[in-house]
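Good morning, and thank you for joining this group meeting. I should like to introduce a structure that may be new to you, beginning with the sequence and the model themselves.

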Amino acid sequence: MEPSLTVISHPLVQHKLTLLRDRATSTAKFRNLLRELSVLLAYEVTRDLPLTARPVDTPLAHMPAAPTLEGKKLCFISILRAGNGLLDGMLELIPAARVGHVGLYRDPQTLEPVEYYYKVPAALDERRIVVVDPMLATGHSAAAAVSRIKRDGARDIRFLCLVASPEGVEAFHAEHPDVPLFTAVVDEGLNEKAYILPGLGDAGDRMYGTK
Ligand code: URA
């Protein structure tokens with residue numbers, strides 16, 4: 001299967017992303033921009049959702065077949081902690097979506113991802129899933145989170161981030177060629193501490209005002 005990468009190049013997304021990158025952007029502004037961006041990203045990541053039809057009575061006429069989303073339930077899965085910054089905006093657009101959380105840290109000895117939190121809705125195999133994390137850096141935690149939900153039956157998965165590195169895209173696609181990737185940009189690459197350049201810094205720290 002040919003791996004899929006969609007770069008969401010909408011001008012509003014690109015403009016807001018530049019504001020987000022700016023080191024002078026305050027925590028409050030950062031959070032707000034991230035929420036606005038996540039609405040726009042959610043719009044793009046759901047662009048191909050299948051529609052069905054149902055009858056509806058407008059004040060003026062009966063419509064026998066008005067478009068409506070097909071039944072399969074959407075589920076957003078946030079990779080802690082920065083993934084949570086994308087949830088609010090996405091839930092504004094799709095309030096009925098279910099939400100799961102995956103927490104992973106990298107073991108300093110083995111460098112393997114270790115799970116410290118995992119809570120997801122039941123019947124993942126019946127859901128259309130969007131895994132979210134603003135930054136796809138090495139791609140290791142994203143790939144590990146997707147492997148974890150696949151073990152619970154998830155099949156219809158897409159991955160949404162804001163900034164990706166070329167290394168992250170390659171590593172993620174090597175492990176999960178079946179999972180389409182969506183991002184607003186693919187940046188230059190990683191520095192020696194696995195931060196994305198030029199990137200926007202540590203998304204979690206900027207979002208929560210920590211260091
Ligand atoms: N996580 C971040 O928050 N920023 C990066 O640049 C890389 C990983």
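Before we look at any single strand, one definition is needed: strands here are DSSP runs of E with at least two residues, numbered from the N terminus. Please also keep in mind that this is a predicted model.

With that definition in hand, let us turn to Val-186, which is placed in strand β12, covering residues 185-186. Is Val-186 buried, partly exposed or exposed? Its relative accessibility is 31%, and Val-186 therefore counts as partly exposed. Together with Leu-5 and Val-7, Val-186 makes a nonpolar surface patch of about 200 Å².

I move now to the charged side chains. As a general matter, side chains of opposite charge can pair when their charged atoms come close. In this model, the count of salt bridges comes to twelve. I shall take three of these in turn.

The salt bridge between Asp-187 and Arg-21 has its closest N and O atoms 2.8 Å apart. Asp-187 lies in the loop between β12 and β13, while Arg-21 belongs to helix α1, residues 11-21, so this pair ties together parts that are 166 residues apart in sequence. Asp-187 is buried, because its relative accessible area is 8% and the limit for buried is under 20%. Arg-21, at 22% relative accessibility, counts as partly exposed.

The second example joins Asp-205 and Arg-81, whose side chains meet in a salt bridge at 2.8 Å, N to O. Asp-205 sits in helix α6, residues 203-208, and Arg-81 in the loop between β4 and α3, so the pair ties together parts that are 124 residues apart in sequence. As for accessibility, Asp-205 counts as buried at 17%, whereas Arg-81 is partly exposed at 34%.

The third example is a salt bridge between the side chains of Arg-128 and Asp-156, at 3.0 Å from N to O. Arg-128 lies in strand β7, residues 128-132, and Asp-156 in strand β9, residues 156-160, so parts that are 28 residues apart in sequence are tied together. Arg-128 is buried, with a relative accessible area of 9%, and Asp-156 counts as buried at 18%. Which residues are linked with Arg-128 and Asp-156 in a network of salt bridges? They are Asp-48, Glu-70 and Arg-158.

Let us next consider a pair of strands. Strand β2, residues 51-57, and strand β3, residues 62-69, pair in the antiparallel sense over six bridges. One residue to find on your screens is Ala-53, whose bridge partner in β3 is Pro-67. The two strands, β2 and β3, form a hairpin with four residues between them.

Finally, I come to the ligand. Which residues surround the ligand? They are Met-135, Ala-137, Ala-194, Tyr-195, Ile-196, Gly-201, Asp-202 and Ala-203. Among them, Ile-196 has a backbone N or O atom 2.8 Å from an oxygen atom of the ligand. A polar backbone atom of Gly-201 is 2.8 Å from a nitrogen atom of the ligand. At Ala-203, a polar backbone atom is 2.7 Å from an oxygen atom of the ligand. On its own, the ligand has 230 Å² of accessible area, and the protein covers 83% of that area.

That concludes my presentation, and I thank you for your attention.

How values were computed. Residues are numbered from 1 along each chain as its sequence is written. This is a predicted model: local features need pLDDT of at least 70, side-chain atom pairs count only at pLDDT 80 or more; totals for chains, interfaces and linings use all residues. Side-chain values use heavy atoms; hydrogens and water are left out. Patches are made of residues with over 30% relative accessible area and no salt bridge: like charges are joined within 9 Å, nonpolar side chains (Val, Leu, Ile, Met, Phe, Trp, Tyr) within 5 Å. Accessible areas come from the Shrake-Rupley method with a 1.4 Å probe; for residues, only the protein chains shown count as cover. A salt bridge is a side-chain nitrogen of Lys or Arg within 4 Å of a carboxyl oxygen of Asp or Glu. Buried means under 20% relative accessible area, exposed over 50%, partly exposed in between (1.4 Å probe, protein chains only). Two strands pair if DSSP finds at least two bridges between them. A residue is near a molecule or strand if one of its heavy atoms lies within 4 Å of it. A polar contact is a pair of N or O atoms within 3.5 Å; within protein, one must be able to donate a hydrogen and the other to accept it, and residues adjacent in sequence count only if both atoms are side-chain atoms.
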